[in-house]
Amino acid sequence: SDLEVQRTGCGALWCLAVNDENKITIATLGGIEDVLKALRTHPSDLEVQRKGCGALWNLAVNDENRIKIATLGGIEDVLK
């Protein structure tokens, strides 16, 4: 929940999720849930929101990830 850790983690996942294999690995290891938790925990922090949305953007290129993000409430989180 530490703000700087969340900023760095979301940024790292944003970068790592450019790779197709990483998209699957990140989702399998709970990365989507972690990004959504960061967005929900720090709703007023612009950096967490920007990097978290960037990570979701890259992860959502994968069809299964896109469904998972929506199922977990990610669309609502992004629209807040």
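Arg7 counts as buried because its relative accessibility is 18%, where buried stands for under 20% relative accessible area, exposed for over 50% and partly exposed for what lies in between (1.4 Å probe, protein chains only). Everything said here concerns a predicted model, in which local features need pLDDT of at least 70 and side-chain atom pairs count only at pLDDT 80 or more, while totals for chains, interfaces and linings use all residues. Residues are numbered from 1 along each chain as its sequence is written, and side-chain values use heavy atoms, with hydrogens and water left out.

The side chain of Arg7 meets that of Glu4 in a salt bridge (3.3 Å, N to O), a term that requires a side-chain nitrogen of Lys or Arg within 4 Å of a carboxyl oxygen of Asp or Glu. Both residues lie in helix 1, three residues apart, about one turn of the helix; helices here are DSSP runs (H or I, at least four residues), numbered from the N terminus. Glu4, at 45% relative accessibility, counts as partly exposed. The pair belongs to a network of salt bridges that links Glu4, Arg7, Asp45, Glu47 and Lys51.

Lys51, a member of that network, has its place in helix 4 and counts as buried, since its relative accessibility is 17%. If neighbours within four places in sequence are left aside, Lys51 is in contact with Arg7, Cys10, Gly11 and Trp14, contact meaning heavy atoms within 4.5 Å. Trp57 is also found in helix 4, but with 66% relative accessibility Trp57 counts as exposed.

The search of the whole structure finds nine salt bridges. One of them joins Lys68 to Glu33, with the closest N and O atoms 3.4 Å apart, and this pair links distant parts of the chain, Lys68 being in helix 5 and Glu33 in helix 3, 35 residues apart. Lys68 is partly exposed at 29% relative accessibility, and Glu33 is likewise partly exposed, with a relative accessible area of 32%. Within helix 5, Arg66 forms a salt bridge with Asp63, the closest N and O atoms being 2.1 Å apart.

The packing of the helices can be followed from helix 2 (residues 20–28), in which Lys23, Ile26 and Ala27 are buried. These residues are on the same side of helix 2 because they cover an arc of only 95° around the axis, the arc being taken over the directions from the helix axis to the C-beta atoms. The face turned away from that buried side carries the exposed residues Glu21 and Thr28, and what covers the buried residues includes helix 1 (3–16), helix 3 (31–41), helix 4 (46–59) and helix 5 (63–71).

In helix 3, the buried residues are Gly31, Ile32, Val35, Leu36, Ala38 and Leu39, and because they cover an arc of only 155° around the axis, they are on the same side of helix 3. They pack against helix 1, helix 2, helix 4, helix 5 and helix 6 (74–79).

The largest nonpolar core, defined as a set of buried Ala, Val, Leu, Ile, Met, Phe, Trp, Tyr and Cys residues joined through side-chain atoms within 4.5 Å, has 13 residues, of which Ile32, Val35, Leu56, Leu59 and Ile69 touch the most other members. Helix 2, helix 3 and helix 4 are the elements that give two or more residues to this core, and the largest share, four residues, comes from helix 3. Ile69, leaving aside neighbours within four places in sequence, is in contact with Ile32, Leu56, Leu59, Ala60, Gly74 and Ile75.
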